[in-house]
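Colleague: I'd like a close look at one part of this model, the place where two helices from separate chains pack. Here is what I have open.

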Amino acid sequence: MSKQTPAHLLSRIALHAVLLTVGAIFVLPFAWSIGTSLKPLRDLFVLQPRLIPSEPRWENYADVLNAVPFIQFYLNTILVTAARVIGQVFLASMAAFAFARLRFPGRDLLFFLLLSALMIPEQVLIIPRYILMRELGWLDTYQGLVVPLLFSAFGTFLLRQFFLTIPNDFQEAATLEGANPFQIYWQIYLPLARPALTAFGFLVLLWSWNELLWALIVTNRTEMQVLSVGIALFQGEQFTNTAVLLAAANMATIPILIVFLFFQRQLIEGISLSGLK
Amino acid sequence: MPGVSRQLAGVSVMAIAPVANEARARGRAGPRRQARTQALWGYLLIGPMMLGFAVFFLFALIVSLGLSFTDWNVLASPNWVGLDNYARLLSDTAFQQALRNTAVLSVPHVVLRIAFSLALAIALNSQIRFRAFYRTIFFIPVLTMPVATGTVWKWLYDPSYGPINYALGQLGLPRPAWLSNPNTALMAVVIVLLWSGVGYDMIIFLAGLQNIPRDYYEAAQLDGAGRWRQFRDITLPLLTPTTFFLVVVAVIHSLQVFDLVYIMTEVEHTTTNQFPTIVYYIYDEAFRNFRMGYATTVAWVLLILILLFTLLQFRLQRRWVHYT
């Protein structure tokens, strides 16, 4: 291969130039958001906006906490997300194991029935679910935020595909040892499926942390609201100051970015997995 | 299925039976008995998932279909109105506007999303340095909460004080009103959707590219095929299953846009929206105007649209998708 020809070098430089330009466009909104969140009021409504504040005003972040129960929003979001992640991963992996590795009458029919859920937009189901929550008295509760969203057909499908790649021998050997299917699932298949579980878990975490529509509908009291709803509703109400609003938006995003830094590799692999059937 | 219910009745007993006893029993049991035990475990393990599915999908779906034939408004009990709601769609200009907005948003969103993400994936699939760095940069917007994304971009688009119009003004270009004008709001929303979605598709394209066997390119090089020929005759065709998957997902995603529109295009301190989409309209009708019956009807239109488009794409895929 002719690696170091001038033409090759030139094309590399051009490629970097393009990627850096596009990269700058991708980063700019973050930079602007951070810059603006630190601006004093007098910097906001100027006709020549600057990225860097004339003098950083860190109090904007404290103002968020004073304007709304932001800590409570954080706690609600963390709690609801943790419950959804654990619940979805557990229920989906258990069903996926049964669909992949156990024989029972009607298995394939039930599996295809479950898959049909993938085709149904959530918006069709949201009003009946809301009625159900109202009848159960679950509006403005954690179980109302969590339970209807615990059942992931997508996760069952994804994890079943993964379980099918695990050799059958493990199961046969364990059965001879006298292990029951739940033990085989719990002690053999779950540990072997860790990459897929982590990837799926992170996808659930990302979706749950950012979810707006259901949380908007099922909660009304301020104490029960999650970050997305809190920011959406207080936009233009409490947060008349854009700098404070952006400080809130940044605070909502940072935890996800931190988790991503830790799980970057698994997540990227997981997304790749989900695209390859 | 009577057999199933009989087996299900035994499930609770099975669950508490001591494991050791069961194992000993199975040692003696014939293959028939073993098959039955396995079936019981199967139903037990899929049980929670199927129960949730039955309540929150199947039951909800049936209730939703029923509601779409009623005038339910939360306060009074629902009355059967037959096809009135569906007839009303034909004369409801607000619905038609939402439908039109969704359609004009979907086309550029899907096309540009596929084009940009493919271009980025191809650029990053070469032996270029700092690949991981670039990949992270393009991916990070995917992680950002749409509410936060909308908040930031709303400020970027601000007609008087935002940096975008400031930059356009410096370049001597016209300064559009962006989100406060329904015509430019479309472009503004598409740009944000691309910014926050391209990174995801890029990752999936990258995985697809890495699945193309190297020897295909080597063979093509031996035959004297240039870069462009290789791209057209190897990369594009072998990538079509990935492209197909991403197009299907992007269409569904476009039809369901809500968060960004809710944040960005609602006029401050009112519930007027400059760019309502179908899902925004469903939300508005159901939870602000409390026309639950009618909102469900609109949701069913959305369901039917999604099914139709997906079905259509699966039909058309034979024409352009190559499975190896």
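Which residues in H10(A) meet which residues in H4(B)?

Modeller: Pro181(A), Phe182(A) and Tyr185(A) are the ones in H10(A), and in H4(B) they meet Gln38(B), Trp41(B) and Leu45(B). Contact here says that the two C-beta atoms, placed from the backbone, lie within 7 Å. By class that contact has five nonpolar residues, one polar and no charged. Nonpolar covers Ala, Val, Leu, Ile, Met, Phe, Trp, Tyr, Cys and Pro, charged covers Asp, Glu, Lys and Arg, and the others, Gly among them, are polar.

Before going on, a word on what you're looking at: this is a predicted model, where local features need pLDDT of at least 70 and side-chain atom pairs count only at pLDDT 80 or more, while totals for chains, interfaces and linings use all residues. Residues are numbered from 1 along each chain as its sequence is written, and chains are lettered from A and ligands numbered from 1 in the order in which they are written.

Back to the packing. Helix H10 of chain A spans residues 181-192, and its axis is 9 Å from that of H4(B), at an angle of about 55°. Axes are lines fitted to C-alpha atoms, for helices over the stretch in contact, with angles from 0 to 180 degrees between N-to-C directions. The pair is therefore oblique, the class left over once under 35 degrees is roughly parallel, over 145 roughly antiparallel and 65 to 115 roughly perpendicular. Helices are DSSP runs (H or I, at least four residues) and strands are too (E, at least two), numbered from the N terminus.

Now zoom out to the whole contact between the chains. Chain B puts in 77 residues and chain A 74. On the side of chain B that touches chain A, helix H4 (residues 31-67) gives the largest share, 20 residues. That side of chain B divides into 60 nonpolar, 14 polar and three charged residues.

As for chain A itself, it has 14 helices and zero strands. Buried residues make up 45% of its 277 residues, buried being 20 or more other C-beta atoms within 10 Å of a residue's own. Its radius of gyration, taken over C-alpha atoms, is 24 Å, where a compact globule of 277 residues would have one near 19 Å (the globule rule is 2.2 Å times the number of residues to the power 0.38). Along the principal axes, the C-alpha atoms of chain A fill a box of roughly 75 × 70 × 35 Å.

Conventions: A residue is buried if 20 or more other C-beta atoms lie within 10 Å of its own, exposed if 12 or fewer, and partly exposed in between; C-beta atoms are placed from the backbone.
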